[in-house]
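Visitor: I would like a close look at a single part of this protein, the largest pocket. Could you walk me through what lines it, and then set it in its surroundings?

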Amino acid sequence: MAEVTYYTQEGLDKLKQELQLLKTEGRANIAKAIAEARDKGDLSENAEYDAAKEAQGLHEARIAKLEEVLASARLIDESTLDTSKVLALSYVKIKNKKNNAVMTYQLVSETEADLKSGKISVKSPIAQGLLGKSVGEVAQIEAPAGVLEFEILEISR
């Protein structure tokens with residue numbers, strides 16, 4: 001059975017949109033590529049046909065994976081979450097005790113993680129160290145460079 005993952009409305013909508021695109025335009029493009037390759041002659045020696053069929057297999061595998069993820073996905077109602085502790089979907093403002101750098105991250109599911117937009121996976125080492133902590137607490141996180149200490153400055157939704 002697939003592992004239940006929690007998503008924001010935005011993340012869930014992106015997954016549904018990608019699945020819809022793969023099922024419509026993606027399948028049509030692959031069918032077109034297979035038809036073009038088939039028209040080029042003998043299928044036993046046709047590398048384009050083999051490549052198109054392989055692309056079709058990978059495409060269908062991606063569709064199946066997305067359907068599995070969506071079947072086990074749960075939407076979190078952010079308005080009902082406790083902001084006294086760091087939880088999934090929390091926005092956390094932290095300060096690195098070593099260099100005083102202040103960062104803000106949102107803890108999201110693995111598929112929604114995007115460091116450029118400040119979203120880190122709840123399964124990442126930093127998020128794992130922050131989960132369950134409250135404002136003012138210091139999280140000690142084991143990293144390849146040694147132990148990092150982050151003070152939690154603010155938790156919001």
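Guide: Happy to. This is a predicted model, and in it the largest pocket has a lining of 18 residues; those nearest the pocket's centre are Glu3, Val4, Thr5, Tyr7 and Glu110. The volume of this pocket comes to about 280 Å³. Sorted by class, its lining residues are 9 nonpolar, 4 polar and 5 charged. Two elements that each give at least two residues to the lining are strand β1, residues 5-7, and helix α2, residues 47-71.

Those two elements lead us to the record for this chain. In an unreviewed entry, UniProt places the feature "domain: Transcription elongation factor GreA/GreB N-terminal" at residues 6-74. Within residues 6-74 the model is 80% helix and 6% strand, while the C-alpha atoms at the two ends of that stretch are 5 Å apart.

Now for the second largest pocket, which has a volume of about 210 Å³. Helix α1, residues 9-38, gives the largest share of its lining, with 5 residues. Among the residues lining this second pocket are Glu10, Gly11, Lys14, Leu15 and Glu18, along with Arg62. Further along the chain, Thr111, Glu112, Ala113, Asp114, Ser117 and Lys119 also line it. By class, this lining holds 2 nonpolar, 3 polar and 7 charged residues.

Lys119 is a handy link to the sheet, since we meet it again there: Gln106 stands opposite Lys119 in β5. Strands β4 and β5 are paired in the parallel sense, over 3 bridges. Gln106 also has a partner in β3, being the bridge partner of Tyr91. Beside that pair, Val92 has Tyr105 of β4 as its bridge partner. Overall, β3 (residues 91-96) and β4 (residues 102-108) pair in the antiparallel sense over 5 bridges. The hairpin they make has 5 residues between the strands, and Asn100 there takes a positive phi near 60°. As general background, strands of a sheet pair through backbone hydrogen bonds, either parallel or antiparallel.

Stepping back to the whole sheet, 5 strands make it up, in the order β5-β4-β3-β7-β6; it is open, and its pairing is mixed. At the edges are β5 (119-121) and β6 (138-143), each of which pairs on one side only. Direction ignored, neighbouring strands in this sheet are turned by 45° against each other on average.

Finally, the whole protein. It has 3 helices and 7 strands, and from the N terminus on the elements follow the order β-α-α-β-β-β-β-α-β-β. The protein is more spread out than a compact globule, because its radius of gyration is 22 Å, well over the 15 Å that the globule rule gives for 157 residues. Taken along the principal axes, the C-alpha atoms fill a box of roughly 70 × 35 × 25 Å.

To come back to your pocket: with the structure in front of you, start at Glu3, Val4, Thr5, Tyr7 and Glu110, the lining residues nearest its centre, and then look for what β1 and α2 supply to the lining. From there you can go on to the second largest pocket, where helix α1 gives the largest share of the lining.

Methods. Residues are numbered from 1 along each chain as its sequence is written. This is a predicted model: local features need pLDDT of at least 70, side-chain atom pairs count only at pLDDT 80 or more; totals for chains, interfaces and linings use all residues. Side-chain values use heavy atoms; hydrogens and water are left out. On a 1 Å grid over the protein atoms alone, a cavity is a set of points where a 1.4 Å probe fits but cannot get out, and a pocket is an open set with protein on both sides within 12 Å along at least five of seven lines; lining residues have an atom within 4 Å of a point. Grid points are joined across faces, edges and corners, and a volume is the space filled by probe spheres set on the points. Helices (H or I, at least four residues) and strands (E, at least two) are DSSP runs, numbered from the N terminus. Ala, Val, Leu, Ile, Met, Phe, Trp, Tyr, Cys and Pro count as nonpolar, Asp, Glu, Lys and Arg as charged, and the others, Gly among them, as polar. Two strands pair if DSSP finds at least two bridges between them. Axes are lines fitted to C-alpha atoms, for helices over the stretch in contact, and angles run from 0 to 180 degrees between N-to-C directions. UniProt positions are given in the numbering used here, feature names are shortened, and annotations may be inferred rather than shown by experiment. The radius of gyration is taken over C-alpha atoms; the globule rule is 2.2 Å times the number of residues to the power 0.38.
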